[in-house]
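Grab a viewer and a pencil. Here are a few short exercises on salt bridges and a chain interface, each with a worked solution.

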Amino acid sequence: MDDYLNISNKNFKSRLIVGTGKYKNFKECSEAIKASGAQIVTVAVRRVNIFDKKKPLLMDYIDPKKITYLPNTAGCFTSSEALRTLRLAREIGGWKLVKLEVLGDKKTLFPDMIETIKSTEVLTKEGFKVMVYCSDDPLMAKRLENAGAVAIMPLAAPIGSGLGILNKVNIKIIRSRTKLPLIIDAGLGQASDASIAMELGCDGVLINTAIAMARNPIQMAEAMKFAVQAGRKSFLSGRIKKTIYGKASSPKKGLI
Amino acid sequence: MKKINKVKIKINGRKRSINSKISLKCLLSTNKISLKKVAVEVNEKIINKKMINKIKIKNGDKIEIVHFIGGG
């Protein structure tokens, strides 16, 4: 049976979304995307460098016809900044599927959930399909669902921290209370973190720093691909019950 | 010699003085910016790219030209 990640009525074979920031150069970034098997990548909206026209462009290395660009509002600290950014992103080339991220604190980069919910409502009304970066709070996740989000993207830990999933219980609760795609966004550090996210029942993971800043980003991208696949299969297979005593794997019958 | 009228504008935060007759579309093409890869804002109003031909540049305009870059 085919197992797809469905976001806003579009199927993706890969459950791994990768960020395109922090790489040494676009070549490394594009090789890492290839190794990761990702079909969706996040991108940022910034000023064109009109004074240095020789600077390479992201679109020259990552073809938006082959890989789904997911414009992101990374770096926005208010609803109005985030809305402006995504409206501009839509004008670049008709992007409606977007990732909303409204930060509330420069030190932790935690999301400002009040601004985030407000922005989700406005963007949804404007026809955007909004995937939303959020705290790992089950009540906030529900509020986002009601505001029209097409995917809930709780943090595992602060952005770029590499700490892995800090509150597995909350992620499980969010999972049990929403049918929307649940994608862990931010804070993963290594491949096993991605497997754990998938084993908790998440539909996907979004990874940037853990790949881009690894000693070997391309190899880590591949490791993440396999980790997501392994975690997903493990989740679908149904794990055994935990017991505190041992249970022999070999039959007693015929013991010499 | 005929004097060329200049207008003072800001592009992506930098001050520039340009020919007053120039259109927004012309400004982009002279800077070798492909319209397909960018979005343009004039005085915080997003310009519909289909209408870009009709936009004239005025003195004091603040123009922002953005595109996609690598990000998380």
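The exercises below work through this model, which is a predicted one.

**Exercise 1.** Work out which residues are linked with Asp3(A) in a network of salt bridges.

*Solution.*
Step 1. Start at Asp3(A), which forms a salt bridge with Arg15(A), with the closest N and O atoms 2.8 Å apart. That pair links distant parts of the chain: Asp3(A) sits in the segment before strand E1 (5-7) of chain A, and Arg15(A) in the loop between strands E2 (10-12) and E3 (16-19).
Step 2. Now look for another partner. The side chain of Arg232(A) also meets Asp3(A) in a salt bridge, at 2.8 Å from N to O. Arg232(A) belongs to helix H9 (residues 217-237) of chain A, so this pair ties together parts that are 229 residues apart in sequence.
Step 3. Put the two together: Asp3(A), Arg15(A) and Arg232(A) make up the network.

**Exercise 2.** Sort the members of that network into buried, partly exposed or exposed, using the cut-offs of under 20% for buried and over 50% for exposed.

*Solution.*
Step 1. Arg15(A) has a relative accessible area of 6%, so call it buried.
Step 2. Arg232(A) comes in at 11%, so it's buried too.
Step 3. Asp3(A) reaches 28%, which means it counts as partly exposed.

**Exercise 3.** Find where the partners of the Arg175(A)–Asp203(A) salt bridge lie, and say whether each is buried or exposed.

*Solution.*
Step 1. The closest N and O atoms of this pair are 2.6 Å apart.
Step 2. Arg175(A) is in helix H6 (residues 168-177) of chain A, while Asp203(A) is in the loop between helix H7 (191-199) and strand E10 (204-207), 28 residues away.
Step 3. Arg175(A) is buried at 17% relative accessible area, and Asp203(A) is buried at 15%.

**Exercise 4.** Describe how chain A and chain B meet, from the whole interface down to Arg47(A).

*Solution.*
Step 1. Count contacts: 31 residues of chain A touch 27 of chain B. About 2,700 Å² is buried between the chains, 64% of it on carbon and sulfur atoms.
Step 2. Check the strands. E4(A) and strand E5 (residues 62-70) of chain B run antiparallel, joined by 5 bridges. Within E5(B), Val66(B) is the bridge partner of Arg47(A).
Step 3. Follow the side chain of Arg47(A): it meets that of Glu64(B) in a salt bridge (2.8 Å, N to O). The interface has 3 salt bridges.

Definitions and conventions:
Residues are numbered from 1 along each chain as its sequence is written. Chains are lettered from A and ligands numbered from 1 in the order in which they are written. This is a predicted model: local features need pLDDT of at least 70, side-chain atom pairs count only at pLDDT 80 or more; totals for chains, interfaces and linings use all residues. Side-chain values use heavy atoms; hydrogens and water are left out. Contact means heavy atoms within 4.5 Å. Buried area is the accessible area (1.4 Å probe) that two parts lose on being put together, summed over both. A salt bridge is a side-chain nitrogen of Lys or Arg within 4 Å of a carboxyl oxygen of Asp or Glu. Two strands pair if DSSP finds at least two bridges between them. Helices (H or I, at least four residues) and strands (E, at least two) are DSSP runs, numbered from the N terminus. Buried means under 20% relative accessible area, exposed over 50%, partly exposed in between (1.4 Å probe, protein chains only).
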